[in-house]
Amino acid sequence: MKIGVLALQGAVEEHIHAIEGIGAEGIAIKNAEQLNEIDGLILPGGESTAMRKLIDYHEMMPALKDFKKPILGTCAGLILLADCVEGSEAHIGGMNIWVRRNSFGRQIDSFSTELTVQGLDTPYEAVFIRAPHIDRVGEGVEVLATYGDKIVLVQQGNKIGCAFHPELTDDLRIMELLKEQIQQSKLAQPSNVL
Ligand code: GLN
């Protein structure tokens, strides 16, 4: 299984390491052609405005919008996937969600907290860094975790959006969610149907 990490800016190495931790091959994606080689994609944390500029500079936007395989967007990557971004235009889009950037205030720039995540039988320790949150979700989106009244983990079809950083702890269960989506999409491919 090959999982790409958009490698224009942000937490690329950490994700490659976490991908290896779930027994897959991690590939740093720097151009549109490389998207054809992978089974799934991670849009990492970093700075969404800078990442957007680099996506345009490298002319990757059409290919990213067309990418139909499973995607995990974390933090800045979640912002890139949102159909609506408070105070800004949307970027890649594809998830029917409204996000708000830097929504946890300056005094708690970074923190970690235990979350109850749908489908996981024990709490998940989540690391938030200048994180966005999801204000509202539209049709087809499942809420998997909230922190207080803020939505922080969602799934829509084979796309997973996460306000925190699943690559920064040893608990790889959010990465495993992406792996499951990839396994399911491989099974659904016509070439595997007898
Ligand atoms: N605050 C950043 C943004 O708006 C996201 C932070 C992160 O990815 N850790 O893009």
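In this predicted model, the ligand is surrounded by G45, G46, E47, S48, C75, A76, I79, R101, N102, I129, R130 and P132. Sorted by class, that shell is made up of five nonpolar, four polar and three charged residues.

The database record can be set beside this list. An unreviewed UniProt entry gives the annotation "binding site" to G46, E47, S48, R101, I129 and R130. These positions span 85 residues of sequence, yet no two of their C-alpha atoms are more than 13.0 Å apart, so they gather at one spot. Two of them can be followed further, beginning with S48, which is found in helix α2, residues 48–57. S48 counts as buried because it has 25 C-beta neighbours inside 10 Å, and, leaving aside residues within four places in sequence, S48 is in contact with A76, I79, L80 and H91. I129, by contrast, belongs to strand β8, residues 124–129, and it counts as partly exposed because 18 C-beta neighbours lie inside 10 Å. Beyond residues up to four places away in sequence, I129 touches G45, C75, S110 and H165.

Two of those contacts lead to another annotation. For "active site", UniProt lists C75, H165 and E167, again in an unreviewed entry. Although these residues are spread over 93 residues of sequence, they cluster in space, with a largest C-alpha distance of 11.1 Å. C75 sits in the loop between β4 and α4, the latter covering residues 76–81, and with 29 C-beta neighbours inside 10 Å it counts as buried. When neighbours within four places in sequence are set aside, the contacts of C75 are G45, I129, A131, P132, A163, F164 and H165. H165 itself lies in the loop between β12 and α5 and also counts as buried, because 23 C-beta neighbours are found inside 10 Å. Not counting residues up to four places away in sequence, H165 touches A11, G45, T74, C75, V127 and I129, and the contact with C75 thus joins two of the residues that the record lists for the active site.

From the loop that holds H165 the chain can be followed into helix α5, residues 173–188, which has 16 residues and reaches 23 Å from its first C-alpha to its last, close to the 22 Å expected at 1.5 Å a residue. The buried residues of α5 are I174, M175, L177, L178, K179, Q181 and I182. These buried residues pack against α1 (12–21), β3 (40–43), β4 (71–74) and β12 (159–162).

One of the elements under that helix, strand β3, contains L43, which counts as buried because it has 31 C-beta neighbours inside 10 Å. L43 and A11 are 32 residues apart in sequence and 9.2 Å apart in space, taken from C-alpha to C-alpha. Apart from residues up to four places away in sequence, L43 touches L6, I71, G73, G77, L80 and L81.

The interior of the model can be described through its nonpolar packing. The largest nonpolar core has 56 residues, and L78, L81, A82, V152, C162, A163 and F164 touch the most other members. Of these, C162 makes contact with L72, G73, T74, L78, L153 and I174, when residues up to four places away in sequence are not counted; I174 is one of the buried residues of α5. V152 is found in strand β11, residues 150–156, and counts as buried because of its 25 C-beta neighbours inside 10 Å. Its contacts, not counting residues up to four places away in sequence, are L115, H133, I134, A145, T146, Y147, A163 and F164. The C-alpha atoms of V152 and L115 are 9.4 Å apart in space, although the two residues are 37 residues apart in sequence.

L115 leads to a contrasting position, since strand β7 covers residues 110–115 and T116 lies in the loop between β7 and β8. T116 counts as exposed because it has 12 C-beta neighbours inside 10 Å. Beyond residues up to four places away in sequence, T116 touches P123 and A145, and A145 is also among the contacts of V152. The C-alpha atoms of T116 and L144, which are 28 residues apart along the chain, are separated by 8.4 Å.

Note on methods:
Residues numbered from 1 in each chain as written. Predicted model: local features only at pLDDT ≥ 70, side-chain atom pairs only at ≥ 80, totals over all residues. Near = placed C-beta within 6 Å. Nonpolar A, V, L, I, M, F, W, Y, C, P; charged D, E, K, R; others polar. Helix = DSSP H or I, 4+ residues; strand = E, 2+ residues; numbered from the N terminus. Expected span 1.5 Å × (residues − 1). Buried ≥ 20, exposed ≤ 12 C-beta atoms within 10 Å, placed from the backbone. Contact = placed C-beta atoms within 7 Å. UniProt positions renumbered as here; feature names shortened; annotations may be inferred. Core = buried A, V, L, I, M, F, W, Y, C linked by C-beta atoms within 7 Å.
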